[in-house]
Amino acid sequence: MPVVGHLIELRNRSLVAVIAIVLGAVAGWFLYDPVLDILQEPIRSIRASGDRTAEINFAGVASPFDLKIKLSFFIGIFLSCPIWLYEVWAFIVPGLTKKEKLYSFGFLGAAIPLFLAGSTMAFFALPNAVKALTSFTPEGGTNIIPAQDYLSFVMVIIVVFGLAFVLPVLMVGLNMMGILSAVRIQKSWRVIVMIVFLFAAIATPTPDALSMFFLVIPMMTLFCAAWVICVISDRRRKKRLIAQGLWVDPDEPID
């Protein structure tokens, strides 16, 4: 396909993706009230405890409308993710081999539900995160939180949890391409554990260990499952290459 043809296809697929996000944002507009009500639950729990005042503050006249627009589009991006991710995949896939197409399709099929699962898990960690961070408020102080800041904080937590759940899929993808073997993963398990804990500590900016373990436990479970898949994949690859007389151990040192 000539360059102009690729540009036309890129335009058409981008248009479909944008329309999907806009339609998702329209649905998000109607879901705004129940979603915002869920997101405000941590604030209400602080207020209900009676320890201090906690409120979401709308500083400007247009702030409520601005927040509704942003949250609607945020909801729309999540609702339409299967469509716009498919458009990205469909644009890339013609340049891939048949084997690479299968890998990329499997990656999408696993990444989307895992990203949504991670984002859902964020809702369980969010109350602890908000409670822990606001616990540093001095006695007699109040938490009047700007609505935009609160929404940004929530979005970061949700996206980070979602991406964390996708990392093991990336590990499997690298193994399928022959870049990362199960033996190397096994040898580096201490490093992986350290990285997971470090990532969880940074991703959950709270002093309590509970919020961090909300991310550590599922991530370690997924990494273990990914390692098992890599072991099975390596065994199949080894048998195939041995049968073809092409087997070379990638982890064997060269003399």
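Good morning. Among contacts in this chain between residues at least 6 apart in sequence, 81% join residues at least 24 apart. I begin with that figure as a background to what follows. The structure before you is a predicted model, and every value I quote was computed from it.

Let me set out the architecture. The chain contains nine helices and two strands. Taken in sequence order, these elements give the pattern α-α-β-α-α-α-β-α-α-α-α. Of the 255 residues, 35% count as buried. The chain exposes about 15300 Å², and carbon and sulfur atoms supply 72% of that area.

I turn now to the interior. The largest nonpolar core has 45 residues, and those touching the most other members are Ile43, Leu71, Tyr150 and Leu215. Helix α6, residues 147-176, provides the largest share of this core, with twelve residues. Apart from that core lies another, of five residues, which include Cys81, Trp89, Ala90 and Ile112.

Tyrosine 150 deserves a closer look. Which residues does tyrosine 150 touch, not counting those up to four places away in sequence? They are Leu39, Gln40, Pro42, Ile43, Ile56, Leu126, Val130 and Ile145. Ile43, as I said, is itself among the four residues that touch the most other members of the largest core.

From the five-residue core I take cysteine 81, which is found in helix α4, residues 81-92. Is cysteine 81 buried or exposed? Its relative accessible area is 5%, and because the limit for buried is under 20%, cysteine 81 is classed as buried. Leaving aside neighbours within four places in sequence, cysteine 81 is in contact with Ile112 and Leu116. The second of these partners, leucine 116, is 35 residues from cysteine 81 along the chain, and their C-alpha atoms are separated by 9.5 Å.

Next, the two strands. Strand β1, residues 54-57, and strand β2 run parallel and are joined by four bridges. Within this pairing, glutamate 55 stands opposite isoleucine 144 in β2. How are the two faces of β2, residues 143-146, made up? The covered face has Asn143 and Ile145, whereas the uncovered face has Ile144 and Pro146. The general principle is that side chains in a regular strand alternate between the two faces of the sheet. Ile145, on the covered face of β2, has already appeared in this talk as one of the residues touched by tyrosine 150.

Two serines may be taken together. Serine 63 has its place in helix α3 and is buried, with a relative accessible area of 18%. Leaving aside neighbours within four places in sequence, serine 63 is in contact with Phe58 and Gln148. Serine 233 is found in helix α9, residues 209-243. This serine is buried as well, at a relative accessible area of 10%. Not counting residues up to four places away in sequence, serine 233 touches Asn175 and Met176.

I move on to charged side chains. How many salt bridges does a search of the whole structure find? The search finds one. The side chains of lysine 70 and aspartate 66 form this salt bridge, with an N to O distance of 3.6 Å. The two residues are four apart in helix α3, residues 63-79, so about one helical turn separates them. Lysine 70 is partly exposed, at 41% relative accessibility. Aspartate 66 is also partly exposed, at 31%.

Finally, the nonpolar surface. A patch of about 680 Å² is made by Val18, Val22, Val26, Trp29, Phe30, Phe65 and Phe73. Which helices each supply at least two residues of this patch? They are α1, residues 3-39, and α3. The largest share, five residues, comes from α1. One of the patch residues, tryptophan 29, lies in helix α1. Tryptophan 29 has a relative accessible area of 31% and is therefore partly exposed, since that category lies between the 20% limit for buried and the 50% limit for exposed.

To close, helix α3 links several of these topics. It holds the buried serine 63, both partners of the salt bridge, and at least two residues of the nonpolar patch. Thank you.

Note on methods. Residues are numbered from 1 along each chain as its sequence is written. This is a predicted model: local features need pLDDT of at least 70, side-chain atom pairs count only at pLDDT 80 or more; totals for chains, interfaces and linings use all residues. Side-chain values use heavy atoms; hydrogens and water are left out. A salt bridge is a side-chain nitrogen of Lys or Arg within 4 Å of a carboxyl oxygen of Asp or Glu. Buried means under 20% relative accessible area, exposed over 50%, partly exposed in between (1.4 Å probe, protein chains only). Patches are made of residues with over 30% relative accessible area and no salt bridge: like charges are joined within 9 Å, nonpolar side chains (Val, Leu, Ile, Met, Phe, Trp, Tyr) within 5 Å. Accessible areas come from the Shrake-Rupley method with a 1.4 Å probe; for residues, only the protein chains shown count as cover. A nonpolar core is a set of buried Ala, Val, Leu, Ile, Met, Phe, Trp, Tyr and Cys residues joined through side-chain atoms within 4.5 Å. Contact means heavy atoms within 4.5 Å. Two strands pair if DSSP finds at least two bridges between them.
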